[in-house]
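These entries record what I looked up in one protein model. I begin with the overall fold and then turn to particular sites.

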Amino acid sequence: MADPVAGLAGELSEVAGAPVTLERPSDAEHGDYATNVALRLAGVEQRPPREIAGEIAARAVERDLVERAEAAGPGFVNLWLPDAWITAAVDEIAASGSSFGSGSATARERIQVEMVSANPTGPVTVASARNAAYGDSVARLLAFAGHDVEREYYYNDAGAQMELFQASVEAVRRGEEPPEDGYRGDYVAELAELDGDPVPHMLESIEATLERFRIHFDTWERQSSVEGEVPEAIALLDTYEEEGALWARTSAHGDDKDRVLVRTGGEPTYFAADAAYIRRKYARGFDRLVYVLGADHHGYVARLQALAEMFGHPRETLEVLIYQLVHLVEGGEAKKMSKRRGDVVFLDELVDTIGVDAARWYLVSRGHDQTIELDVDLAKERTNKNPVYYVQYAHARIAGILRNAAPGSGSGAGASSTALAPEERELVKRLLEFPQVVAEATERRAAHAIPIYAIRVADDFHRFYHEHRVLESENEGFRLGLVSAVQSVIARCLDLIGVKTPERM
């Protein structure tokens, strides 16, 4: 969709004869935007960069692309834009509506994001909740960029852990203690009161919790179903036998060592199931596979990518996103988490305490490669110290302004009747960062960039609103259009991380 800054960069590229990238100077005194294109051209043209910058600045003014331009420093070009360009940009944001910043994908792909995928041996924990919040936000970003995205949950329905879980429930049904290394907690007792296999009941509970957390899975895949395809998958791999075991030659495809597919006794390994699962995914027509896994799976990256390559797909089409742990702090003390001991903190409990919005915000607010320390007491607060409340309040405040405006008066910014104030210009330029912010967040799978940006938008809006009236001001028409654009961008940011946009607070 329309991106005024990208459009201006394109016009300046024609002037410079080379691609132009625009940056916002940290000090508005140095212009609305700046480019280092002259520094990049200096080596090619064998001329001083300052001289080239001066020529580009002069041509940009001659062609009425900017109001003022000048060479600065060693060869930067600083650019000042007229108020008319700023107001026209607001109209472009308004015209784009919820599509502003979308469609950044250069080539549309069919992508599967597999996330959570925790064994159904207990309710969703806070650790798995980070997987869910992060994975779903990445999926939302990919869809916003224009990709066709599917979310999948892969779970073990057989094996030692599932047998131990079932044995734990059966023991409680008999009035006995679970096995020493079994599962404990209130949820085990609750399952014991239900008839039959506890696994389907647990899966139903997990799905309900995740739906409550605003995460919907398109498909649920069982390990037992995949294991039936292991022989066919192994037959397609480069393998060899050694010491009675069958090995995959993954070291020839970027892995640090070869991996066992079938043990000496003839039992397939979990890695063999991984091979069958990857083959099934690609066979379903996905162009890209995204796995969201915890920090203890760091060693899986190379081996899974090796399998993709062995099945004839570029290794870069399989991505493994690794996220770090979550530590909950309440009353200044860290909560301990162990599903088997029964003192784990479950997602439902966290949501009951702080709400879905705060939980989703905090679980994506840091880079996935960083540990999160979630302050439960702060997350419960309904004050501006709580960042999710602060951003939502900006959205609700604007909704109140628009409710009190005359019907139809906020449909477009229109021209400003007086010179734009610095706070107005800075707010518009902040909004114009959104397409680049969301494109980079998508490319880097960095969902945390969205809440960081949303706080900056809210900061600039509150600064503007503190200094200027909107209704019954000389610039009411423009300002209504501006705050409407702010509301739209905030709404899109919150939606991309699964947070609601309240009209009243």
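I first fixed the term on which the contact statistics rest: two residues are in contact when they have heavy atoms within 4.5 Å. The model is predicted.

**Entry 1. Overall fold**

With that cut-off I looked up contacts between residues at least 6 apart in sequence, and 71% of them join residues at least 24 apart. I then listed the secondary structure, which comes to 19 helices and 14 strands. The C-alpha trace spans about 80 × 55 × 40 Å along its principal axes. Of the 505 residues, 51% count as buried. For the accessible surface I noted about 22300 Å², with 47% of that area belonging to carbon and sulfur atoms.

**Entry 2. Ala2**

I next asked which residues Ala2 is in contact with, leaving aside its neighbours within four places in sequence. I found Glu92, Ser96 and Phe100. Ala2 itself is found in the segment before helix H1, which covers 4-16. I entered Ala2 as partly exposed because its relative accessibility is 29%, and the buried class ends under 20%. I also took one C-alpha to C-alpha distance from this residue: Ala2 and His253 are 42 Å apart in space and 251 residues apart in sequence.

**Entry 3. Salt bridges**

Side chains of opposite charge can pair when their charged atoms come close. My search of the whole structure returned 43 salt bridges. I examined several of them in turn.

Glu152 and Arg284 meet through their side chains at 3.3 Å, N to O. Which parts does this pair tie together? Glu152 lies in strand E5 (residues 148-155), and Arg284 lies in the loop between helix H11 (270-283) and strand E10 (288-294), so the bridge ties together parts that are 132 residues apart in sequence. I then asked of each partner whether it is buried or exposed. Glu152 is buried, at 2% relative accessibility, whereas Arg284 is partly exposed, with a relative accessible area of 32%.

The side chains of Arg174 and Glu176 form a salt bridge at 3.1 Å, N to O. I recorded Arg174 as exposed, at 51% relative accessibility, and Glu176 as partly exposed, at 42%.

A further salt bridge joins the side chains of Glu381 and Lys385 at 3.8 Å, N to O. Glu381 counts as partly exposed, with 27% relative accessibility, while Lys385 counts as exposed, with 60%.

I also traced a network of salt bridges that links Arg24, Asp32, Asp83, Arg425, Glu426, Lys429, Arg430, Glu433, Asp460 and Arg463.

**Entry 4. Second largest pocket**

Glu433, one of the residues in that network, came up again when I turned to the pockets. The second largest pocket holds about 390 Å³ of space. It is lined by 16 residues, and those closest to its centre are Val5, Leu22, Glu23, Glu433 and Gln436. The elements that give two or more residues to this lining are H1 and helix H17 (434-443). I sorted the lining of the second largest pocket by residue class and obtained 8 nonpolar, 2 polar and 6 charged residues.

**Entry 5. Cavity**

Rolling a probe the size of a water molecule over the atoms shows where empty space is left. How many cavities of 30 Å³ or more does the whole structure have? My search found 1. The largest cavity has a volume of about 40 Å³. Its lining consists of Leu12, Ala16, Val20, Thr35, Val37, Ile56, Ala60, Val77 and Leu79. H1, helix H3 (49-62) and strand E3 (76-80) each give two or more residues to the lining of the largest cavity. By class, this lining divides into 8 nonpolar residues, 1 polar and no charged.

**Entry 6. Helix H12**

Last, I looked up burial in helix H12 (residues 300-310). Arg303, Leu304, Gln305, Ala306, Leu307, Ala308 and Met310 are buried there. What covers the buried residues of H12? The cover includes strand E8 (245-248), strand E9 (259-262), H11, E10 and strand E11 (318-323). H11 and E10 are also the elements that flank the loop holding Arg284. Just after H12, I noted that Gly312 takes a positive phi of about 95°.

Key: Residues numbered from 1 in each chain as written. Predicted model: local features only at pLDDT ≥ 70, side-chain atom pairs only at ≥ 80, totals over all residues. Heavy atoms only, no water. Helix = DSSP H or I, 4+ residues; strand = E, 2+ residues; numbered from the N terminus. Buried < 20%, exposed > 50% of the residue type's maximum accessible area, 1.4 Å probe, protein only. Salt bridge = Lys/Arg side-chain N within 4 Å of Asp/Glu carboxyl O. 1 Å grid on protein atoms, 1.4 Å probe; cavity = no way out; pocket = protein on both sides within 12 Å on 5 of 7 lines; lining within 4 Å. Points joined across faces, edges and corners; volume = space filled by probe spheres on them. Nonpolar A, V, L, I, M, F, W, Y, C, P; charged D, E, K, R; others polar. Areas by Shrake-Rupley, 256 points an atom, 1.4 Å probe, with all protein chains shown as cover.
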